Amino acid sequence: RPELHITSARHRSSTRIACPTATASTAVEPLLRGTLMPAKTTNAALQQKLDELAAFAAQGDRKAFVEAFVPLDCSADDTANYLSVLTGDDAEWAALSAEIQAIADGATIEKIEGDQTTKAVFFFPHPTLERCDREVVFVCVEGEWRAEG
């Protein structure tokens, strides 16, 4: 049975998010590496999903966030369990919220890999944790962008 595996940034692990709307790797120009250049997705549907998630995060609406974030094949029990984790751990929620808002904003994204039609992998320094590089994956499934499970 599919499970959602999203781990804490505090443990320097990656979050996976799935959705089909990317075709080729997009990265910051090699000459600009080392300098953060704003990088937003080129996919309008993915950017809309990121903006929606960022708005839920900013409002503190954990239930709406989880419902829009988890993979479509995530069971109701797994989804409820994930919501329970985020509801019971304010630090975990704050870290995830900061990451999603950073991805939506694009200001600190170092590069985006994937075709951005079916998959987008965002690389960025964690917005609140020092020396914590993050990799967050979104995939498009059945026309819906979600975290990769």
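Is K49 buried or exposed? In this predicted model, K49 counts as buried, since its relative accessibility is 8% and the cut-off for burial is under 20%. That makes K49 a pleasant place to begin, as its charged side chain has a partner. K49 forms a salt bridge with E144, with 2.6 Å between the closest N and O atoms. K49 belongs to helix α1 (residues 44-59) and E144 to strand β8 (residues 144-147), so this salt bridge ties together parts that lie 95 residues apart in sequence. The two partners do not share a class of exposure: K49 is buried at 8%, whereas E144, at 25% relative accessibility, counts as partly exposed.

The count of salt bridges in the model comes to seven. One of them joins the side chains of R134 and E99, at 2.5 Å from N to O. R134 lies in strand β7 (residues 133-141) and E99 in helix α4, so the pair ties a strand to a helix across 35 residues of sequence. Both R134 and E99 are buried. Salt bridges with shared partners also build a network, and its members are K49, E52, E144 and R146. The K49 and E144 pair described above is thus part of a wider set of charged contacts.

A further salt bridge brings the side chains of D90 and R62 together, with an N to O distance of 3.1 Å. This pair links distant parts of the chain, with D90 in helix α4 (residues 90-105) and R62 in helix α2 (residues 62-69), 28 residues apart. Here the partners fall into opposite classes. D90 counts as exposed because its relative accessibility is 52%, and the class begins over 50%. R62, in contrast, has 18% relative accessibility and counts as buried.

Helices α2 and α4 are also joined through aromatic side chains. Across the whole structure, a search finds five aromatic pairs. In one of them, F65 and W93 are arranged edge-to-face, with 5.3 Å from centre to centre and 85° between the planes. F65 lies in helix α2 and W93 in helix α4, so the pair ties together parts 28 residues apart in sequence. Both rings belong to buried residues: F65 has 0% relative accessibility, and W93 has 7%.

What is the arrangement of the rings of F69 and Y82? Their planes meet at 15° and their centres are 6.3 Å apart, so this pair is stacked. The stacked pair links helix α2, which holds F69, to helix α3 (residues 76-88), which holds Y82, over 13 residues of sequence. F69 is buried, with a relative accessible area of 0%, and Y82 is buried as well, with 8%. The two pairs belong to one aromatic cluster, formed by F65, F69, Y82, W93, F122 and F138. A ring can also have a charged neighbour, as the model shows with K111, which lies over the face of F123 at 4.7 Å from the ring centre.

Y82 leads on to helix α3 itself. Helix α3 has 13 residues and spans 18 Å from its first C-alpha to its last, close to the 18 Å expected at 1.5 Å a residue. Its buried residues are D78, T79, Y82 and L86. These residues cover an arc of only 100° around the axis, which puts them on the same side of α3. The spacing along the sequence helps to make sense of this pattern. An α-helix has 3.6 residues a turn, so residues three or four places apart point the same way. On the other side of α3, the exposed residues are A76, D77 and G88. The buried residues of α3 pack against α2 and α4, and the stacked pair of F69 and Y82 offers one view of the link between α2 and α3.

Finally, a loop deserves a brief look. D115 lies in the loop between β4 (111-113) and β5 (116-117). Although D115 is a loop residue, its relative accessibility of 18% makes it count as buried. D115 and N43 are 72 residues apart in sequence, and their C-alpha atoms are 9.4 Å apart in space.

Key: Residues numbered from 1 in each chain as written. Predicted model: local features only at pLDDT ≥ 70, side-chain atom pairs only at ≥ 80, totals over all residues. Heavy atoms only, no water. Salt bridge = Lys/Arg side-chain N within 4 Å of Asp/Glu carboxyl O. Helix = DSSP H or I, 4+ residues; strand = E, 2+ residues; numbered from the N terminus. Buried < 20%, exposed > 50% of the residue type's maximum accessible area, 1.4 Å probe, protein only. Phe/Tyr/Trp six-rings, centres within 6.5 Å; stacked < 30°, edge-to-face > 60°. Lys NZ or Arg CZ within 6 Å of the ring centre and 35° of its normal. Expected span 1.5 Å × (residues − 1). Arc of directions from axis to C-beta. Contact = heavy atoms within 4.5 Å.
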